[in-house]
Amino acid sequence: MRWPVILLLMLVVALQYPLWLGRGGWLRVWEIDNDMQKQHAHNQRLEQRNARLDAEVIDLKSGTDAIEERARYDLGLVRPGEIFVQVPQSPELPKETATVTRGGEKEK
């Protein structure tokens, strides 16, 4: 009576192995599903980038505003008669600054 139960248990384990750990098993399906979700997210980012580039190409082909903007910012060009003024940013002051007292001595 004991041998048939052990034999059936071994048969069930033998049948379950390919289902969970085999080539087309559940673990492999979960792994492929995870890879597919990552690829889908990557594809969406690329589609957004392509849409931005496509809009930029259309803008460059249809009008001069985008070309002028690119020329100004990328190449530093100005129109005839314009004056280009560049204001330098002030350097940051050091955290510890010395102050001069009336006696000419430096004080922190």
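This text walks through a predicted model, from its overall fold to its charged side chains.

Start with the confidence. The protein averages a pLDDT of 80. Of its residues, 84% score at least 70. Confidence varies between elements. Helix H2, residues 26-62, has the highest mean, at 92. Strand E2, residues 106-107, has the lowest, at a mean of 50.

Next, the layout. The protein has three helices and two strands. Read from the N terminus, the order is α-α-α-β-β. The helices therefore precede the strands in that α-α-α-β-β order. Helix H3 covers residues 65-75. Strand E1 covers 99-100, and a loop lies between H3 and that strand.

Now the surface. The protein has 108 residues, and 3% of them count as buried. Buried here means under 20% relative accessible area. The accessible surface comes to about 11,000 Å². Carbon and sulfur atoms account for 60% of that surface.

Turn to the charges. Side chains of opposite charge can pair when their charged atoms come close. A search of the whole structure finds four salt bridges.

One of them sits in helix H2. There the side chains of Arg28 and Glu31 meet, with an N to O distance of 2.8 Å. Both residues lie in H2, three residues apart. That spacing is about one turn of the helix. Neither partner counts as buried: Arg28 is partly exposed at 38% relative accessible area, and Glu31 is partly exposed at 43%.

Helix H3 holds another pair. Glu68 forms a salt bridge with Arg72, and the closest N and O atoms are 3.2 Å apart. Both residues belong to H3 and are four residues apart, so about one helical turn separates them. Glu68 has 27% relative accessibility, so it counts as partly exposed. Arg72 is also partly exposed, with a relative accessible area of 29%.

Glu68 has a further partner. Arg79 forms a salt bridge with Glu68, with the closest N and O atoms 2.8 Å apart. This contact reaches beyond the helix. Arg79 lies in the loop between H3 and strand E1, whereas Glu68 is in H3, so the pair ties together parts that are 11 residues apart in sequence. Arg79 counts as partly exposed, because its relative accessibility is 46%. The pairing does not stop at these residues. Through shared partners, salt bridges join Glu68, Arg72, Arg79 and Glu82 into one network.

Helix H3 also contributes to a second charged feature. Asp59, Asp65, Glu69 and Asp74 form a negative surface patch. Three of the patch residues come from H3, which gives this helix the largest share. Glu69 is one residue to inspect. Glu69 is found in helix H3. With 49% relative accessibility, Glu69 counts as partly exposed. Patch residues need over 30% relative accessible area and no salt bridge. Glu69 passes the area cut-off, because 49% is over 30%. Glu68 is excluded from such a patch because it pairs with Arg72 in a salt bridge.

Taken together, H3 carries both kinds of charged feature. Glu68 and Arg72 of this helix pair with each other, and three residues of the negative patch come from it.

Terms used:
Residues are numbered from 1 along each chain as its sequence is written. Side-chain values use heavy atoms; hydrogens and water are left out. Patches are made of residues with over 30% relative accessible area and no salt bridge: like charges are joined within 9 Å, nonpolar side chains (Val, Leu, Ile, Met, Phe, Trp, Tyr) within 5 Å. Accessible areas come from the Shrake-Rupley method with a 1.4 Å probe; for residues, only the protein chains shown count as cover. Lys and Arg count as positive and Asp and Glu as negative; His and the chain ends are not counted. The place of a charge is taken as NZ of Lys, CZ of Arg, CG of Asp or CD of Glu. Buried means under 20% relative accessible area, exposed over 50%, partly exposed in between (1.4 Å probe, protein chains only). pLDDT is the predictor's confidence in each residue, from 0 to 100.
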